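Have the sequence and the coordinates open for this one. We'll go through some helix packing and then a few buried residues.

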Amino acid sequence: MRGLFDLQIVTAREKAELLRDRKGGRPIAALTAYDYPTARLLDEAGADLLLVGDSLGMVVLGFPDTTHVTLDHMLHHISAVSRARPGALVVGDLPIHTYDTPEQARKTAERLVAAGAEAVKLEGGVRQAAKVRAICEAGIPVLGHLGMLPQRVVEEGGYRKKGKTRAQADALLEGAMALVDAGVFGIVLESVVGETALEVSGKIPVPTIGIGCGEGNCDGEIAVMTDLIGSFPWFVPPFARPETDVADSITQAVRRYVSRVQGGR
Ligand code: KIV
């Protein structure tokens, strides 16, 4: 089974528009991907959107958080994913400190696109609107990201649930509206309490794609691939719903291999 998009039939902008038009329709199934084989497998299994997320800093490169991810890291992994030529929309994260001004944001987005991204994602609301506008004006689709923002984990001193109070919910709504006005085709909501995620989803005209927001509160879901397949057992977020246990399969396979190779001597 292929995903929503037939290979090469639609342009990046058309793919983003097709996803935007899924508001209120079939939920969007998005996943992170960081390499060629995973991108092929996810695409062939029907994912709508592949995010080369800066979570790769943690689950692939072994950093403690995403603030260590550089533009070079992102370009390397985006190229690998794009070589799979997925029909799903390939979105690349703008890493921290590569979008401090609208001009820098546009230039970084263009670098990601030159490496193979079809759209980009950046974190934050009202303060990022001018940057989103600059990227959209360059013809590059943008996905927003609100709620818990991993690039701020050091400043905020940990990963905390967002949208718990009326004031927080209003701030999220204000951020979402600013991103919509600036031209995003969708918004990732991360670790937002379910009721608030549902409220934001109901009030904006583009799809929300939730992670850690409860089921059915957004217009789609995104999962970090290692959470879905259980291949990074050292940190599993409380909201993860693993569908398999790849860490255990690897351990068992390697034990059998070691015993086969060493067994006779
Ligand atoms: O980097 C990432 O994987 C993300 C997802 C958690 C949405 O931003």
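What follows is a walk through helices, their contacts and three buried spots. Keep in mind that this is a predicted model.

**Helix α5 and its two partners**

Let's start with α5, residues 102-115. How do the axes of α5 and α6 meet? They come within 8 Å of each other and cross at roughly 45°, which makes α5 oblique to α6. The handedness of that crossing is right-handed. On the α5 side, the contact is made by Pro 102, Ala 105, Arg 106 and Ala 109, while α6 brings in Ala 130, Lys 131, Ala 134 and Ile 135. Sorted by type, the residues of this contact come out as six nonpolar, two charged and no polar.

The other partner is α4, residues 71-82, whose axis also comes within 8 Å of that of α5, with a crossing of roughly 35°. Here α4 uses Leu 71, Met 74, Leu 75, Ile 78, Ser 79 and Ser 82, and α5 answers with Thr 108, Arg 111, Leu 112 and Ala 115. This contact of α4 with α5 has six nonpolar residues, three polar ones and one charged one.

**More on α6**

Which residues of α6 are buried? They are Ala 129, Lys 131, Val 132, Ala 134 and Ile 135. Lys 131, Ala 134 and Ile 135 are also in the contact with α5. Besides α5, the buried residues of α6 pack against β4, β5 and α8. Just after α6 comes Gly 139, with a positive phi of about 85°.

**Helix α9, one side in and one side out**

Now for α9, which covers residues 194-203 and has Thr 196, Ala 197, Val 200 and Ser 201 buried. Why do these sit on the same side of α9? Because they cover an arc of only 135° around the axis. The general background is that an α-helix has 3.6 residues a turn, so residues three or four places apart point the same way. Glu 195, Gly 202 and Lys 203 are exposed on the other side of α9. The cover over the buried residues of α9 includes α8, β6 and β7.

**Three buried residues**

Here are three single residues, with where each one lies and its relative accessibility.

| Residue | Location | Relative accessibility |
|---|---|---|
| Phe 185 | loop between α8 and β6 | 6% |
| Thr 66 | loop between α3 and α4 | 2% |
| Val 91 | strand β3 | 0% |

Why does Phe 185 count as buried? Its relative accessibility is 6%, and buried means under 20%. Leaving out neighbours within four places in sequence, Phe 185 is in contact with residues including Ala 16, Leu 19, Arg 20, Leu 49, Leu 89, Ala 119 and Leu 143. Also among its contacts are Pro 141, Val 142, Val 206 and Pro 207. Gly 216 is 31 residues away from Phe 185 along the chain, and their C-alpha atoms are separated by 20 Å.

For Thr 66, with neighbours within four places set aside in the same manner, the contacts are Asp 54, Ser 55, Met 58, Ile 96, Pro 150 and Gln 151.

Val 91 is in contact with Leu 49, Leu 50, Leu 51 and Val 52, and also with Ala 119, Val 120, Lys 121 and Leu 143, again not counting neighbours within four places in sequence. From Val 91 to Arg 20 there are 71 residues in sequence and 14 Å in space, C-alpha to C-alpha.

Conventions
Residues are numbered from 1 along each chain as its sequence is written. This is a predicted model: local features need pLDDT of at least 70, side-chain atom pairs count only at pLDDT 80 or more; totals for chains, interfaces and linings use all residues. Side-chain values use heavy atoms; hydrogens and water are left out. Buried means under 20% relative accessible area, exposed over 50%, partly exposed in between (1.4 Å probe, protein chains only). Helices (H or I, at least four residues) and strands (E, at least two) are DSSP runs, numbered from the N terminus. The arc is that of the directions from the helix axis to the C-beta atoms. Contact means heavy atoms within 4.5 Å. Axes are lines fitted to C-alpha atoms, for helices over the stretch in contact, and angles run from 0 to 180 degrees between N-to-C directions. Angles under 35 degrees count as roughly parallel, over 145 as roughly antiparallel, 65 to 115 as roughly perpendicular and the rest as oblique. A crossing is left-handed if the near helix is turned anticlockwise from the far one by less than a right angle, and right-handed if clockwise. Ala, Val, Leu, Ile, Met, Phe, Trp, Tyr, Cys and Pro count as nonpolar, Asp, Glu, Lys and Arg as charged, and the others, Gly among them, as polar.
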